Structures are given as structure tokens and as C-alpha cells.
Amino acid sequence: RARSQGAISMTKRRMKRRNQAPGIKKLEDGRWHYRARVKRKERSLDRARLAPADWSLNEVKIARINLITELEDELAGRGLPRVESTTVSDYAVRWLEGKAERATKRLKPKTARGYRQMLELWVLPKLGAILVQRLERMDIQDWCSWAEGRVVRGGEVASQATLNGAWRVLRMLVQDLCADYRMDAVHLLRGCRPLSVRSGVREERTLTREELHAVLRFVADAAPDRTAEVATLAWTGIRAGALYALKPGDLDRERELLRIERGVSWGDHGPVVGATKTGRSREVYAPPELISALDAHHQAMIRSQHPGLTSGLLFPASKRNKWGTWHRSETSLRGVFRKAETALGLELRLGCQVFRRTFNTLLVAAGVSGELIRAMTGHDGPEMTQGYFHGGHPAKGAAVRLALHGEDCEPSM
């Protein structure tokens, strides 16, 4: 009997501990998830939210109480969350969650992470505490002035590219906010856009043909195990996400091509493999030099019994990441690129996107048609997109040889 009473007492203690914070649970990444449900007669509302990473349990409890109050007001016929207690920051949390969880056109993890960073670093520090009902055009204009004068890393003001990214997120947030609360978005945003006094030269720089070949020779000598990756970037101009989602079966040696069918995107919860950025598959020319480099890379992995051989990836990492996959990210080449910059005296910072821009620039300089370039790089043109035009494979090969080697051959259609 005593043993039975002890078991009952332990069960009560467990239930008490479990119910100390009803509707609240802690996720694996350390963030709090809370849910509230309100029922009145035959109607009920159930809503869940994800708390910011720096919130304590007490803050989450308070937020859950506020959420219950909002649901009660909605059931009472007000239709929308209480405007008088909703700040821009509160709305931004719901807005981002809604975009990440919607059934169609769901944000990719990397895009969602970029939106979150722009909100946390640029939008909410200035506008987050403002109540939704009191948001005015003057607040948007003040934000533009603040963003234009804000000093970022390096002691300089932000570039136009950075301001454009922040403005794009803010504009989408305000437009959706106005639609939800029946406000005038056109009035709030009219005539407002931050302009940087800093020139964006770095974003436009590319490698010359001679510098590109110098980088390839340096990587072959200094980091032979990364040669195939850099050669693939240089010869095909594909995005880093597509590069690290390639599989051995994507290479067709007989037809000299690579099939680009998927991409890996990095978010807050690790890599996610999905469709390409444009949602379309395509084929790119793989010259004999690239095929030889890829074959040598695969043979080296076999000889060394690379731990990622069974991953099914063409360029697996040397060990699993913390999410249990073998995917590399574009930053994995950063060390190799910094060494190349120093050794070759390059004035720009190398990155995967630099190779893509260089590939595109060399094709344009060689006189390759815009339609053929879009078919090779996966870009949508303003009038004739890749979805309607597919350059012939011989034309792609001729265009690449002409651009990267300067061979005297016209890329015919």
C-alpha cells in the first residue's frame, strides 16, 4: 500500500511539473513555442506562435496571456487582433511565420533567414515599438534617414544593395500590414526609399579571363581536393546551392553536360534540398577539362575512402554537419578563396557568386546572344525566358569555349 501511495505521489508531482506552463513547450533549438485556444458557444479559435530566441519563460507566459485576450476579442466580433496593443514587432513575428508556413509559394529556408535578419537588424530596431494604429508616413521617412546614416561594419554607411534589401522587406511588411488592418499602404510608402552615398563598386566587379585561369591554376596547386568544385563554378556559372546538390548521376560524359535539377538552401534549421532557384531544370555544357577534373575528384574520394562516399553527393563534406547531412555551404570555400586573393594580388573578394557573374560577363563580351546566356545560366529574361527557349547543346559548348578560351568559333544556334 505504501508503495502504491508513493507511485501516486510521484505521478501527481510529474503532472504538476508538466502543467506549470500549459500551452508552452521548448523546441530543440531552444526557442519557445506557445499555443492558445479560446472557445465560446460553438465557435473556437486556436493559434500558435514562436517566441523570439532571447525570450524567457516568463515573457512567453505573458505573451500567451495576451494571445488569449486577442482571441477572445476576435470571438467577440472585432475580427482582427486588437490594434491598440499590437506593435509592428508583434505583427512582424506573425507575418514571417505566415510566410514560412503557407501551403503555396512557401519561403525557402535561406530566404526566410534573410528576411528575419533584415527585420532584426534593420526594420524593428527603429519601427518595432510603434503601435500599428499609430504608424505614419513620417515614421517611414524617419526610418529612411536613419538607415541612410547608419554606420555598419568597417566604419562606413551601408551600401545601396544592403539598403535595397532592407527596404524590400519593410515594403512587403507594411503592404501586408495595411491590407490586414485596412490602412493606406500607398500613402505610407509614397516617396520613401533609402539612398546610399556609398558606391556599390564591389558588387559589379568580376574576374578577367586571365585572372580566372590564374585562380584555377592556383587552386589546383594549393588545394587539389577543391579543384573540381572551383572548376565547376568557373566552367558552368551555376549557383552554389546547385553545386552542392549535384549527384554523380547528373554528369553525362557522352553528351558532355551537367543536369541542374535541384538546389540546397540553408536556413535556421539546416540544409533543405528542393527545386532550383527558378523552379526549372536545365542542362549546362561540361567541357572535357571539367569532366576530367570531376573524374579525378571521384577517384581520389574512392582511394582515400572519403567518409561522404555513401552520401550520394558529388561534393560531400568531410564530415556530417550538426543536422546529420553531408551538404557543404558556399562558405566552405572561403579559406581557399582568401589564399588565392593574397597569392594573386586580386583586388576583389572571391566568392561563388563572383564566378557566376564572371561566367555571364565573359559570355556577353564574347558576343553570345542573351537568349543562349539565359538558357545556360538559368536566368529569366524580361521577354523571352528560359521556359520558352532552350539553347542547343552544340551552341552552348561553342559559347563556353569562345568565352573562356577565346577560341575562334561562332556559337551557332
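**Salt bridges and helix packing**

D295 is partly exposed, at a relative accessible area of 26%. The model is predicted, and this value, like those below, was computed from it. The partner of D295 is R253. Their side chains meet in a salt bridge, with an N to O distance of 2.7 Å. The two residues come from distant parts of the chain, 42 residues apart. D295 sits in helix 11 (residues 288–303). R253 sits in the loop between strand 4 (251–252) and strand 5 (257–260). R253 is also partly exposed, with a relative accessible area of 45%.

A network comes next. R226, E229 and R328 are joined into one network by salt bridges that share partners. Within this network, R226 pairs with E229. Their closest N and O atoms are 2.6 Å apart. R226 has a relative accessible area of 8% and is buried. E229 is buried as well, at 1% relative accessibility. Both values fall under the 20% cut-off, so both charged residues count as buried. In the pair of D295 and R253, by contrast, both residues are partly exposed. In general, side chains of opposite charge can pair when their charged atoms come close.

The count for the protein is 11 salt bridges. Another of them joins D176 to K99, with 3.9 Å from N to O. D176 belongs to helix 6 (residues 160–181) and K99 to helix 3 (residues 88–101), so this salt bridge ties together parts 77 residues apart in sequence. The distance of 3.9 Å still satisfies the criterion, because the limit is within 4 Å. The two partners fall in separate accessibility classes. D176 is partly exposed, with a relative accessible area of 29%. K99 counts as buried, with 13% relative accessibility.

Helix 6 also packs against helix 5 (residues 137–149). The angle is about 160° and the axes lie 11 Å apart. Helix 5 is therefore roughly antiparallel to helix 6, since the angle is over the 145 degrees that this class requires. The crossing is right-handed. On the helix 5 side, I140, W143, C144, A147 and E148 make the contact. On the helix 6 side, they meet L163, A166, W167, L170 and V174. By class, this contact holds nine nonpolar residues, no polar ones and one charged. The charged residue is E148, because Glu falls in that class.

What does the protein look like as a whole? It has 15 helices and eight strands. Of its 413 residues, 43% count as buried. Among contacts with a separation of 6 or more, 60% come from residues 24 or more positions apart.

A further approach involves S281. This residue lies in the loop between strand 7 (270–274) and strand 8 (282–285). S281 counts as partly exposed, at 43% relative accessibility. Its C-alpha atom is separated from that of E261 by 4.6 Å. Along the chain, S281 and E261 are 20 residues apart.

Technical notes
Residues are numbered from 1 along each chain as its sequence is written. This is a predicted model: local features need pLDDT of at least 70, side-chain atom pairs count only at pLDDT 80 or more; totals for chains, interfaces and linings use all residues. Side-chain values use heavy atoms; hydrogens and water are left out. Helices (H or I, at least four residues) and strands (E, at least two) are DSSP runs, numbered from the N terminus. Buried means under 20% relative accessible area, exposed over 50%, partly exposed in between (1.4 Å probe, protein chains only). Axes are lines fitted to C-alpha atoms, for helices over the stretch in contact, and angles run from 0 to 180 degrees between N-to-C directions. Angles under 35 degrees count as roughly parallel, over 145 as roughly antiparallel, 65 to 115 as roughly perpendicular and the rest as oblique. A crossing is left-handed if the near helix is turned anticlockwise from the far one by less than a right angle, and right-handed if clockwise. Contact means heavy atoms within 4.5 Å.
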